[in-house]
Amino acid sequence: MTTTQNQPVQASSVLTLSGVLASALPHDIGTAKGPALYTVPAVFSRRPEPRELDLLHSSDVARRLADAGYSEVELRVSDRRLLITNTNLEELKAGLATLVGTILREISEQASLERTNRAEELDALGLIEEHRLEAVRASAAEVRFD
């Protein structure tokens with residue numbers, strides 16, 4: 001697998017792209033018969049989580065791409081690759097890569113926040129259940145059969 005590194009892979013859990021998978025680009029790029037637009041595969045820093053995939057495929061992402069002038073571009077996921085369709089390396093270098101990176105960071109942060117909030121909710125529910133069980137046990141201990 002040949003990748004070109006834009007930035008080092010971060011040790012944090014934030015979902016990023018480590019680079020373009022150059023070996024998977026169309027073989028005729030840069031030739032007279034080469035396509036003007038094609039799919040650029042980029043490698044994720046880690047496997048995306050299900051919630052991150054949901055957010056990535058949301059209409060909000062499509063709207064943000066369109067608002068930035070990339071209405072034909074789509075972001076698709078294939079295993080640990082992000083497939084950026086209907087674009088080229090020049091568009092990516094001219095700003096699309098920065099936008100995609102921002103989108104991924106925001107998606108990752110939102111999914112993390114949702115996980116944290118859900119964990120806090122579950123902890124609170126667990127505490128409520130623990131108090132309920134303690135009250136039941138205390139009430140049961142007060143029952144006397146004499």
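# Salt bridges, strands and exposure

Q: What makes the spacing of D67 and R63 about one helical turn?
A: D67 and R63 lie four residues apart in helix 2 (residues 59–67), so about one helical turn separates them. Helices (H or I, at least four residues) and strands (E, at least two) are DSSP runs, numbered from the N terminus. The model is predicted, so local features need pLDDT of at least 70 and side-chain atom pairs count only at pLDDT 80 or more, while totals for chains, interfaces and linings use all residues. Residues are numbered from 1 along each chain as its sequence is written, and side-chain values use heavy atoms, leaving out hydrogens and water.

Q: Why is the contact of D67 and R63 called a salt bridge?
A: The term requires a side-chain nitrogen of Lys or Arg within 4 Å of a carboxyl oxygen of Asp or Glu. The N to O distance for D67 and R63 is 3.1 Å, so the pair meets the cut-off of 4 Å. D60 also belongs to the salt-bridge network that links R63 and D67. The structure holds nine salt bridges.

Q: Why is D67 called exposed, and what is R63 called?
A: Buried means under 20% relative accessible area, exposed over 50%, and partly exposed in between (1.4 Å probe, protein chains only). D67 has 60% and therefore counts as exposed. R63 has 43%, so R63 is partly exposed.

Q: How do you know that E49 and R115 form a salt bridge, and which parts of the chain does the pair link?
A: Their closest N and O atoms are 2.4 Å apart, so the salt-bridge limit is met. The pair links distant parts of the chain, 66 residues apart: E49 is in the loop between strand 3 (38–44) and helix 1 (50–56), and R115 is in helix 3. E49, at 27% relative accessibility, counts as partly exposed, as does R115 at 38%.

Q: What makes strand 4 and strand 5 a pair?
A: Two strands pair if DSSP finds at least two bridges between them. Strand 4 (residues 74–78) and strand 5 run antiparallel and are joined by five bridges, so the condition is met. R76 stands opposite L83 in strand 5. The two strands form a hairpin with two residues between them, and D79 in the turn has a positive phi of about 60°.

Q: How do you know that strand 3 also pairs with strand 5?
A: Strand 3 and strand 5 (residues 81–87) share five bridges in the antiparallel sense, so this pair passes the threshold of at least two. V40 has I84 in strand 5 as its bridge partner.

Q: What does E74 in strand 4 touch?
A: Contact means heavy atoms within 4.5 Å. Leaving aside residues up to four places away in sequence, E74 touches L83, I84 and T85. E74 also forms a salt bridge with R76, with the closest N and O atoms 3.0 Å apart. At 38% relative accessible area, E74 is partly exposed; R76, at 41%, is partly exposed as well.

Q: Why is I128 called exposed, and where is I128 found?
A: I128 has 55% relative accessibility and so counts as exposed. I128 is found in helix 3 (residues 89–141).
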